[in-house]
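Let's take a walk through this fold together, strand by strand. Keep the viewer open and follow along as we go.

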Amino acid sequence: EGEAVLKAKKASNANLGDRTFSFELLDAGGSLIETSPAVKQNETVTFKAIGYELSDLGGASSKDFTYKIREVIPEGATAENNYTVDGVKYDTHVETVEVKVEDAGDGTLKITYNGQTEFTTPEFDNQYSAEGEAVLKAKKASNANLGDRTFTFELLDAEDNVLQTSPAVRQN
């Protein structure tokens, strides 16, 4: 007998706050095996161990099993919006893990992950961004002595560079 233990880690990003994320473990055909509990940034999930017996090798001395790990993408995160919901861009990469199970000849099964004896935990990274806009307005106050003159306004940056000039306006 032997078992494979697969994990996934949510990378750290200070802008993610207390948001939580989940992962899915899939078989080679894309069928869901397990959905992880929710984790916060910089936390790791461990999926339930996958047990193997000698009979799983089908009479061969070894057999390869393929699994996929991916982040759960929430509803509303689509290719059209770059997989972004509420300012969070979700990681859409899929991590493929090849598990090789070999008869060790001593009553145990040797497990390797992508050719390594130790599993390397994949990290899934999210990005956060926020957008907004400010609408600035100016108004020319009424003064009867100004007559029918027109006025323009300039929007300046901190170094007094002109960013925009308004169309001509009349008072009030």
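Start with strand 3 (residues 23-27) and strand 7 (residues 62-71): five bridges join them, and the two run antiparallel. Bear in mind while you look that this is a predicted model. If you want one pair to click on, take Asp27, whose bridge partner in strand 7 is Tyr67.

Now zoom out to the sheet these two belong to. It's an open sheet of five strands in the order 4-3-7-10-11, with antiparallel pairing. Strand 4 (32-35) and strand 11 (109-113) are the edge strands, each pairing on one side only. On average, neighbouring strands of this sheet are turned by 25 degrees against each other, direction ignored.

While you're here, have a look at Glu24, which sits in strand 3. Is Glu24 buried or exposed? Its relative accessible area is 14%, and since buried means under 20%, Glu24 counts as buried. The side chain of Glu24 has a partner, too: it makes a polar contact of 2.7 Å with the side chain of Arg70.

For a contrasting glutamate, move along to the loop between strand 7 and strand 8 (84-85), where you'll find Glu80. Glu80 has 74% relative accessibility, so it counts as exposed. The side chains of Glu80 and Thr78 are joined by a polar contact of 3.2 Å. How far apart are Glu80 and Phe65 in space, C-alpha to C-alpha? The answer is 34 Å, with their positions 15 residues apart in sequence.

Next comes another sheet. This one is open, has three strands in the order 5-2-12, and its pairing is mixed. The edges are strand 5 (44-46) and strand 12 (123-124), each of which pairs on one side only.

So where does the mixed pairing come from? Take the two sides of strand 2 in turn. Strand 2 (residues 7-10) is joined to strand 5 by three bridges, and those two run antiparallel. Strand 2 is also joined to strand 12, this time by two bridges, and here the strands run parallel.

You can check individual residues along strand 2 as well. Lys7 has Thr46 as its bridge partner in strand 5, and Lys9 has Thr44 as its bridge partner in strand 5. Looking the other way, Lys9 stands opposite Glu123 in strand 12.

Strand 2 is also a good place to look at faces. In a regular strand the side chains alternate between the two faces of the sheet. In strand 2, the covered face holds Ala8 and Lys10, while Lys7 and Lys9 are on the uncovered one.

Finally, head for the surface, and look for a nonpolar patch. Which residues form it? They are Leu136, Leu155 and Leu163, and together they have about 290 Å² of accessible area. Leu163 is placed in strand 16 (residues 162-165). Leu163 has a relative accessibility of 53%, and because exposed means over 50%, Leu163 counts as exposed.

Definitions and conventions:
Residues numbered from 1 in each chain as written. Predicted model: local features only at pLDDT ≥ 70, side-chain atom pairs only at ≥ 80, totals over all residues. Heavy atoms only, no water. Patch = residues over 30% accessible without salt bridge, like charges linked within 9 Å, V, L, I, M, F, W, Y side chains within 5 Å. Areas by Shrake-Rupley, 256 points an atom, 1.4 Å probe, with all protein chains shown as cover. Salt bridge = Lys/Arg side-chain N within 4 Å of Asp/Glu carboxyl O. Helix = DSSP H or I, 4+ residues; strand = E, 2+ residues; numbered from the N terminus. Buried < 20%, exposed > 50% of the residue type's maximum accessible area, 1.4 Å probe, protein only. Pairing = 2+ DSSP bridges. Axes fitted to C-alpha atoms, helices over the stretch in contact; angles between N-to-C directions. Polar contact = N/O pair within 3.5 Å; in protein donor to acceptor, adjacent residues only side chain to side chain.
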